[in-house]
Amino acid sequence: RSAGRLYGVVPFLYPYHADPSDYFRYTHEALENILQRAGYKSIVINKIGVGSFTSAANLCSWAIKIKPLVFLAWIMALNMDRLLSRLKSRNHNYYIALSFVATK
């Protein structure tokens, strides 16, 4: 219960992994709620890998065996998300992970 700072990163968009089970995914809202209930006051949450194309590249790049093609897929995804984010604000609802800093 003493003052302190908590740093962390949690995955959001990740394939099913039974190790031993897969029960829970943190959204930015759920993470903020959990940290507030734990007594943290100053909470900063950042989305990592924002955009629908970036999320798709993250899920699909494991299947591409040729590394230069993986790199090209990521470059294309990042640029397409940059363009799409200008047109659709909802594109920020797709993300790979969250990083956070919370202070008591």
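**A three-stranded sheet and its helices**

Setting aside residues within four places in sequence, S99 is in contact with G8, V9, V44, I45, N46 and I48. Keep in mind that you're looking at a predicted model. S99 is found in strand β3, and that makes S99 a handy way into the sheet. After the sheet, we'll move on to the helices and to a residue in a loop.

**How the sheet is put together**

- Three strands form an open sheet, in the order β1-β3-β2, and their pairing is antiparallel.
- Why do β1 and β2 each have a side without a neighbour in the sheet? β1 (5-11) and β2 (42-48) stand at the edges and each has a single partner strand, so one side of each is left without a neighbour.
- On average, neighbouring strands of this sheet are turned by 15° against each other, if you ignore direction.
- On one side, β1 and β3 run antiparallel and are joined by seven bridges. For an example, look at G8, which stands opposite F100 in β3.
- β2 and β3 (residues 97-103) also run antiparallel, and seven bridges join them.
- You can follow that pairing residue by residue: S42 has T103 in β3 as its bridge partner, and I43 has A102 in β3 as its bridge partner.

**Covered and less covered spots in the sheet**

- β3 is mostly covered, with five of its seven residues buried.
- Is S99 buried or exposed? S99 has a relative accessible area of 17%, and because the cut-off for buried is under 20%, S99 counts as buried.
- Over in strand β2 you'll find V44. V44 has a relative accessible area of 43%, so it is partly exposed.
- V44 and S99 are 55 residues apart in sequence, but their C-alpha atoms are 8.3 Å apart in space.
- Which residues does V44 touch, leaving aside its neighbours within four places in sequence? V44 is in contact with S99, F100 and V101.
- A helix joins the picture here too: α1 (residues 28-37) lies across β1, β2 and β3, and runs at about 155° to β2.

**Helix α3 and its two sides**

- Does the length of α3 add up? With 21 residues at 1.5 Å a residue, α3 should span 30 Å, and its end C-alpha atoms are 31 Å apart, which agrees.
- Which residues of α3 are buried? They are V70, A77 and D81.
- Those buried residues cover an arc of only 30° around the axis, which puts them on the same side of α3.
- It helps to know that an α-helix has 3.6 residues a turn, so residues three or four places apart point the same way.
- Now turn to the face of α3 that points away from its buried side: it carries the exposed residues P68, F71, R86 and L87.

**Helix α2 against helix α3**

- The buried residues of α3 have a cover that includes α2 (52-60).
- The reverse is also there: what covers the buried residues of α2 includes α3.
- In α2, the buried residues are T54, S55 and A57. Seen down the axis of α2, they fall within an arc of 160°, so they line one face of the helix.
- For two packed helices, the usual description is the angle between their axes and the distance between the axes.
- For this pair, the axes of α2 and α3 come within 7 Å and cross at roughly 160°.
- Angles over 145 degrees count as roughly antiparallel, and that's why α2 and α3 are described as roughly antiparallel to each other.
- Where do α2 and α3 meet? On the α2 side, S52, F53, T54, A57 and N58 take part, and they meet A73, W74, A77, L78, M80, D81 and L84 in α3.

**A buried residue in a loop**

- N91 lies in the loop between α3 (67-87) and β3.
- With 2% relative accessibility, N91 counts as buried.
- What does N91 touch, not counting residues up to four places away in sequence? The answer is V50, G51, S52, D81, L84 and S85.
- Two names there may ring a bell: D81 is one of the buried residues of α3, and S52 is one of the α2 residues that meet α3.

Conventions: Residues numbered from 1 in each chain as written. Predicted model: local features only at pLDDT ≥ 70, side-chain atom pairs only at ≥ 80, totals over all residues. Heavy atoms only, no water. Pairing = 2+ DSSP bridges. Helix = DSSP H or I, 4+ residues; strand = E, 2+ residues; numbered from the N terminus. Axes fitted to C-alpha atoms, helices over the stretch in contact; angles between N-to-C directions. Contact = heavy atoms within 4.5 Å. Buried < 20%, exposed > 50% of the residue type's maximum accessible area, 1.4 Å probe, protein only. Expected span 1.5 Å × (residues − 1). Arc of directions from axis to C-beta. Parallel < 35°, antiparallel > 145°, perpendicular 65-115°, else oblique.
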